[in-house]
Each structure stands twice: as structure tokens, then as C-alpha cells.
Amino acid sequence: KLAFTPIAASASLLFSKLPHSCPFLFSPSLPQIKIQNPSELLRKHVIDWPWLPPLEPRVAAVAPIGSDGRHYRSCSSLKGNNSCNKSWTGKLAWENKTLQPRHTKKVFCMYVQQASKSKCKVAIKPLELENTKEPPLNLYKPKGPYTASIVSVERIVGPKAPGETCHIVIDHGGNVPYWEGQSYGVIPPGENPKKPGAPNTVRLYSIASTRYGDSFDGRTASLCVRRAVYYDPETGKEDPSKKGICSNFLCDSKPGDKIQITGPSGKIMLLPEDDPNATHIMIGTGTGVAPFRGYLRRMFMEDVSSFKFGGLAWLFLGVANTDSLLYDEEFTNYLQQYPENFRYDKALSREQKNKSGGKMYVQDKIEEYSDEIFKLLDDGAHIYFCGLKGMMPGIQDTLKRVAEQRGESWHQKLSQLKKNKQWHVEVY
Ligand code: FAD
């Protein structure tokens, strides 16, 4: 019952348990299927097998799935109609056909099914964390951080994205539990350049996974980190001596590297779960999408008995261009599976134009849907903002203008939203 996270998928066929006397099967020219693009997963692949092996062969598929660096395996016999191994249920399926069993040619057909196209949630073994009333807070402090290790670091933006953003999976062994919407602190190795002799200071990063992590076992946390680079304003050239310490440490780290973490921290962005049918309007720019990825996985990817989401989640994501979109395939899948419960609007500032011909920012999308948004807020929707600080003034101006056009006072409305705990902002 594992859902398929189509971030970087490839599947290759390996042939095993075959007679040693057969040189062909052990030659490097074994048939292989490489699926680079998850959309190809639905295609049928046919391999011409030049002879019928004397013993029943086994076929195994190995696929790195999702961004947690894990591999899932499946083994099945070439005989039989559907040798779908249980471990692949809901994720990959096999089918094979013997067309000319008595002859020396065998055609093997396989289809790999992207389970996320179907409404298949990941069965979750609930953690103790489901039963606590309050979230874990500051279990590890800067003076006594937890030493975790890096599981994987994956660049998740395309070549035309300005800058680099990485998805980083950290193994905390279940020792630094958290709730969706919280942050971890990271202490980069080395000396604080402003205080020689003292260690580097903590940097905060919103956690981009659910409490179960990308491996669904509660042992990992994922971060979405943008590499901070410095361009000299006079020359316009990059100056590596002034690059961001922690983001570069994280984006350059390798699986197995040790990392000092603190936290978890933050309560403002926790996902209120008291009403599973509530509306959640999420407005994120760039890495500000991190907490929302966590919420959405909890709502649509994991089968958690204590939280059966039946409300509306509406994500507005602002990035520079298509190549800069973050977790787009994950979100697009939710859109296909849960069109009643999920809406997803993108503002691509360098690719789209707003109605006045200027760059398209999230506030322009908010304006486009302002009637619906205001109505949802009046009905008790939660609204969340996450990303760079600079996003807020433009958004606030738009909301104020829309409120005035509707004959409402934004000042009053905002204080009401804050009072009702509907307004959640985490900008940095
Ligand atoms: P620093 O070393 O702290 O440098 C900061 C900036 O100063 C860099 O841009 C650097 O290039 C520049 N600089 C360095 N030296 C000089 C100099 N001599 N002159 C001029 N400029 C200089 N970030 C994310 O990527 N993802 C997240 O999910 C995320 N979540 C956050 C959540 C919270 C609650 C907060 C508060 C922050 C969050 N951040 C997040 C931001 C993150 O904490 C760091 O601030 C960010 O990664 C930069 O840290 P750094 O160590 O790389 O850069």
C-alpha cells in the first residue's frame, strides 16, 4: 500500500535465478527498461526475448521512488497472468504474456502503473504523536543539538530555474519528532564568522514532510532549501566568499553526512485538525511551499486514522518559471485524485503576465479569486502565508484593495481573522 511519489523514478529489469550455463543472461546486454519520466510509467514496454530459457526465470524491478533515496524492489515469475508482487501493491504492477511458449521467442510485456493516479493512500502505522494534545517543542536546543544524518539531497528545480533548490531528507531516527508546519534548526559546521571561536548560529528551515517523513515511518524529516548565493551589486558577479553558510552546507551535503539539528519549533503554522472538513488556503512563494507539502501529504497521501481530510485545500504557489516549480507532480496528482478537495494555482512571475501586463505574482492570483477567497474566509477558512518576507506587502496591499472594493475595512477584517486564529504567517 505504498503510494508512488513520482519525483525521480526509474525502473530497470534485472534477470536473476537463471542457469549459469547461459552466457546471454549474464552478459551486459541484458534487456533493460529505463523510465526517466514518471509520465512514461503508464506506457507498455515490450522486450523481445530471443530464446525461451530452460528454467523459469524471475524478473525483478528496482525503482528509486520519491525523494527519500529508497529503492523498492519486486520480483515476479515470468509465468502466470499477473505476477504482481504484494510489495508493489498500489505502486507498480506487472503483467506478462507468453506468446509463443513452444518456440524460442518470448515476448514479455510489462506495464508499470503509477498508483498515484488511483486514490491509493499510504497505510500508516500511527505514531504516539497522533495522541498528544500539544506538538513537540524544542526537544533539542542549540547547546545540545541532535546529531542526525543526511539520507539524500536532490536538486528539485529544472535547468532554467534561477538559483538552486534542493529537497533534503534527514534521518533523525524517530528522536526529533514534529508536527506538520513546524521547523527544524540546523547548526552548520564551522566557526561563526562574526564571532571567531564560537560555533555557527542556528538557521531555521520549515519541515516539508509530514510527521511520518517521506519514508512513512516517522524516522525522517525533509527540508526544502534554496541555496543562498551572493552577487556583487557592482560587478553583478557571484562572490563565493559571501555565499550563505547553512544553505550551501545543506545543498552540498552527501548521504551519510552528519548534521546537527535543533527543535522542532514553531506553532503558528500548525495544521488545525479539529475540523477535518475545514478550508485551508495556502499561499507560498519558493521554499515557502515547504509546510504546505507537509499538510498536503497528510491530507492526500497518507491514510491516517485520526485525520480523514474532507475539506478544501487551496494552494497558491509563486515561483519564477515552470522550471522553478516545487513538488509540482505531487500536487498535480492530488488535483487528479481529489478534484473536489484540492485546488492548485500557480503564479509564474517570469512567464505569465497579470491583467495589467506586469509580472504574475501570487497576489495577482489572489485578486483573480478574491470573491471566493473572501467568502471562504468569512466562512471560517484558514489562510497561511509562507516564503520570503518581501511577499507580504504586495499581498496585504491587494487584500486591502479588494476589501475596500467590497466595502469592508481590511483593518477590521484582519484583526478578526487573527482573533479567530484563521491567519497564519511565517515569512523569513
Ligand atoms: P547566511 O550565511 O546566514 O547568509 C545570509 C545571506 O547573507 C545570504 O544570502 C548570503 O549570501 C549573504 N551574505 C553572506 N555574507 C555576506 C556579506 N559579507 N555581505 C553581504 N551579504 C552576505 N530557507 C529555506 O531555504 N527553506 C526553508 O524552508 C526555510 N524556512 C525558514 C523558516 C523560518 C521560520 C525562518 C526564520 C527561516 C527559514 N529559511 C528557510 C531561511 C533560512 O533560515 C536561512 O536564513 C537561509 O537558508 C540562509 O541561511 P545561510 O546560512 O545559507 O546564509
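How many residues surround the ligand, and which are the closest?

## Ligand shell

In this predicted model, the ligand is surrounded by 19 residues. Leu204, Tyr205, Lys242, Cys246 and Ser247 are the closest. By residue class, the shell around the ligand holds 10 nonpolar, four polar and five charged residues.

Three elements each contribute at least two residues to this shell: strand 10 (203-206), strand 11 (220-226) and helix 1 (245-252). Strand 10 gives the largest share, with four residues. The ligand occupies the space of the largest pocket.

## Polar contacts and cover

Two side chains place an N or O atom by an oxygen atom of the ligand: for Tyr205 the distance is 2.7 Å, and for Ser247 it is 2.5 Å. Ser206 contributes through its backbone instead, with an N or O atom 3.1 Å from a nitrogen atom of the ligand. On its own the ligand has 980 Å² of accessible area, and the protein covers 67% of that.

## Aromatic pairs

The count of aromatic pairs in the model comes to 21. One of them joins Phe331 and Tyr344, whose ring centres are 5.4 Å apart. The planes of these two rings stand at 75 degrees, and angles over 60 count as edge-to-face, so the Phe331 and Tyr344 pair is edge-to-face.

This pair links distant parts of the chain, with the two positions 13 residues apart in numbering. Phe331 belongs to helix 3 (residues 328-337), whereas Tyr344 belongs to strand 16 (residues 342-348).

Note on methods
Residues are numbered from 1 along each chain as its sequence is written. This is a predicted model: local features need pLDDT of at least 70, side-chain atom pairs count only at pLDDT 80 or more; totals for chains, interfaces and linings use all residues. Side-chain values use heavy atoms; hydrogens and water are left out. A residue is near a molecule or strand if one of its heavy atoms lies within 4 Å of it. A polar contact is a pair of N or O atoms within 3.5 Å; within protein, one must be able to donate a hydrogen and the other to accept it, and residues adjacent in sequence count only if both atoms are side-chain atoms. Accessible areas come from the Shrake-Rupley method with a 1.4 Å probe; for residues, only the protein chains shown count as cover. On a 1 Å grid over the protein atoms alone, a cavity is a set of points where a 1.4 Å probe fits but cannot get out, and a pocket is an open set with protein on both sides within 12 Å along at least five of seven lines; lining residues have an atom within 4 Å of a point. A molecule sits in a cavity or pocket if more than half of its atoms lie within 2 Å of its grid points. Ala, Val, Leu, Ile, Met, Phe, Trp, Tyr, Cys and Pro count as nonpolar, Asp, Glu, Lys and Arg as charged, and the others, Gly among them, as polar. Rings of Phe, Tyr and Trp (its six-membered ring) pair if their centres lie within 6.5 Å; planes under 30 degrees apart count as stacked, over 60 as edge-to-face and the rest as tilted.
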